[in-house]
Amino acid sequence: MEDIQAQNLSDAVLLSEISGRIEKYRMAVENLNSLNKQLLELNQKLTESEAMKSHFISNITNEIINPFASILGLSKSIVECPETDVARMKRMASMIHGEAFNLDFQFKNIFAAAEIEAGEIQPNISVVNIDELLSSLFSQYARELERKNLTKVLTNLEGGDSPILFRTDSDKLTVIMSNLLCNAINFNRKGKKVEISYGRNENGELVINVIDEGMGISEENLNIIYDRFKRLDNGINSVNRGHGLGLSINKAYIDLLEGRLEVKSKENEGSTFTVIIPESAQQNNDYSEEGNEVFFGDEEIF
Amino acid sequence: MTRHFLYPSTMYASIQASEVTTILGSCVAVCLWDRTLGIGGINHYMLPTWNGMELASPKYGNIAIERLVEKMLQLGSKQSNLVAKVFGGGEVIAFSSNIMHIGQRNIMVAEEMLEERRIPIIGRSTGGNSGRKIIYNTKTGEVLQAYIKSNMSK
């Protein structure tokens, strides 16, 4: 800014000059405020984004690190085991299998959770043999049941010889039932039983009950079981596995299939989880019947 | 032209020209359209904000809208080229409660978040007592809507 000799200026010129400078400073301050606001917005966005990412990471960390540590330790022990001690090696191999099986289960849940959080789940409908799905599930968990000395009971409530054939999403139903069965085993008491009974109700909906004789859930806790981070027995000495992730995935899948989940429980007596799913209308396409009609007449264009 | 049916709690965005159909009750769908690239995306959420407990999915408006905008940017859009159309948020019958109805709250989340991002709402059909079926053309940005007279479940 040129230095202007004050003495030679009229008041009008002086005022005009000062006015101009004030205006320039005002604009600079406005720019600064605007930049500041943008910075705050960006910061907010980054925080939100980080928070969302860390949910996924916290979902997976513990449930992966611990089993892997066990597998590493056990396999090393097998290598160092005297060659003649086959019994010991077998025992450790069996424990490795247990950890790997659990890891497989956790991974399935983690990928399911990621898919759900990305909003990219779709029903994949086919005719499902429910009897086969459930008995196959029980077989997969044979070792887990044995470990806790649990009896398994599978009851088709409709009696008769023919299996129940139901139009629904086989993969998602399997995940839902795996999660419920896993909880029924984990929260059960040694030597007790796990029962799965199933059939169709008067509305034609598929009803599957998973009953355990474990510690049960108190009234206040019934609400928090869907929290994907919480599990009811958090003690260090807890022998239980699994976390809320299973139940929150179940909720999302059951919603997608337009079903519902009911829980009945008595502390120290056990719990009954009931899944109720309506039969799907469409078969194996991502285009519902309702979406298929073309509009004519009363539609509006936006 | 790809055809896609959008289920509740999910979202869809693509560079391919697509006709996306979805059915709304108290749920809200936000359609975003990039007028320069001729691409679009749409979400379908059931509740206004994430409760912090369940999975952080696009079942919740704040997550659904945030993710949809992100997806459009990933597909190559500039936020300044985006426009929005908002649908749904009708009222389910027989609720007498002091809390504002879900439909209204869902609409408000859309209005607030789009305004924050300076994305203009150039078309809308919200509120009322009926369900809606909409078909969104992601290439032209056009949305066809018909009211559903039967009872609302979504």
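# A walk through the model, from the core outwards

Start in the core: select B:Val28, B:Ala29, B:Val30, B:Cys31, B:Leu32, B:Ile42 and B:Leu68, which touch the most other members of the largest nonpolar core, a set of 77 residues. Now add helix H5 of chain A, residues 170-186, to your selection: with 8 residues, H5 gives this core its largest share. Colour the two domains of chain A next, domain 1 (10-120) and domain 2 (125-277), and you will find that the core takes at least three residues from each of them.

Zoom in on one of those core residues. Which residues does B:Cys31 touch, leaving out those up to four places away in sequence? Show B:Gly40, B:Ile42, B:Ala84, B:Lys85, B:Tyr136 and B:Val143, and you have its contacts.

**How far to trust the picture**

Keep in mind as you look around that this is a predicted model. Colour chain A by pLDDT: the average is 82, and 80% of the residues score at least 70. Then select residues 233-242 of chain A, where pLDDT stays under 50 and the model has 10 contacts beyond four places in sequence. A second stretch to select is 284-292 of chain A, again with pLDDT below 50, and here the model has 16 contacts beyond near neighbours in sequence.

**Chain A as a whole**

Switch to a cartoon view of chain A, and you can look for 7 helices and 8 strands. Chain A has 302 residues, and 23% of them count as buried. Among its contacts with a separation of 6 or more, 70% are between residues 24 or more positions apart.

**The sheet**

Select strands S2, S4, S5, S7 and S6 of chain A, which lie in that order in an open sheet of 5 strands with mixed pairing. Why does one side of S2 (151-156) and of S6 (260-266) have no neighbour in the sheet? Both strands stand at the edges and have a single partner strand each, so one side of each is left free of a neighbour. On average, neighbouring strands of this sheet are turned by 10 degrees against each other, direction ignored.

Follow S6 of chain A to its partner, S7 (residues 270-277): the two pair in the antiparallel sense over 7 bridges. To see this pairing residue by residue, pick A:Leu261, whose bridge partner in S7 is A:Val275, and then A:Lys266, whose partner there is A:Gly270. Between these two strands is a hairpin with 3 residues, where A:Asn268 takes a positive phi near 70 degrees.

S7 of chain A also runs antiparallel to S5, and 7 bridges join the two. One pair to display is A:Leu206 with its bridge partner in S7, A:Ile277.

**Helices across the sheet**

Bring back H5 of chain A, which lies across S4, S5 and S7 and runs at about 20 degrees to S5. Then show helix H3 of chain A (residues 130-140): this helix lies across S2, S4 (193-200) and S5 (206-212), at about 180 degrees to S2.

**Last stop: A:Asn102**

Select helix H2 of chain A, residues 86-117, and find A:Asn102 within it. Is A:Asn102 buried or partly exposed? A residue needs 20 or more other C-beta atoms within 10 Å to be buried, and A:Asn102 has 18, so this residue is partly exposed. Finish by drawing a distance from A:Asn102 to A:Pro67: they are 35 residues apart in sequence and 7.8 Å apart in space, C-alpha to C-alpha.

Definitions and conventions:
Residues numbered from 1 in each chain as written. Chains lettered and ligands numbered in written order. Predicted model: local features only at pLDDT ≥ 70, side-chain atom pairs only at ≥ 80, totals over all residues. Core = buried A, V, L, I, M, F, W, Y, C linked by C-beta atoms within 7 Å. Buried ≥ 20, exposed ≤ 12 C-beta atoms within 10 Å, placed from the backbone. Helix = DSSP H or I, 4+ residues; strand = E, 2+ residues; numbered from the N terminus. Domains from an automatic or database assignment. Contact = placed C-beta atoms within 7 Å. pLDDT = per-residue confidence, 0-100. Pairing = 2+ DSSP bridges. Axes fitted to C-alpha atoms, helices over the stretch in contact; angles between N-to-C directions.
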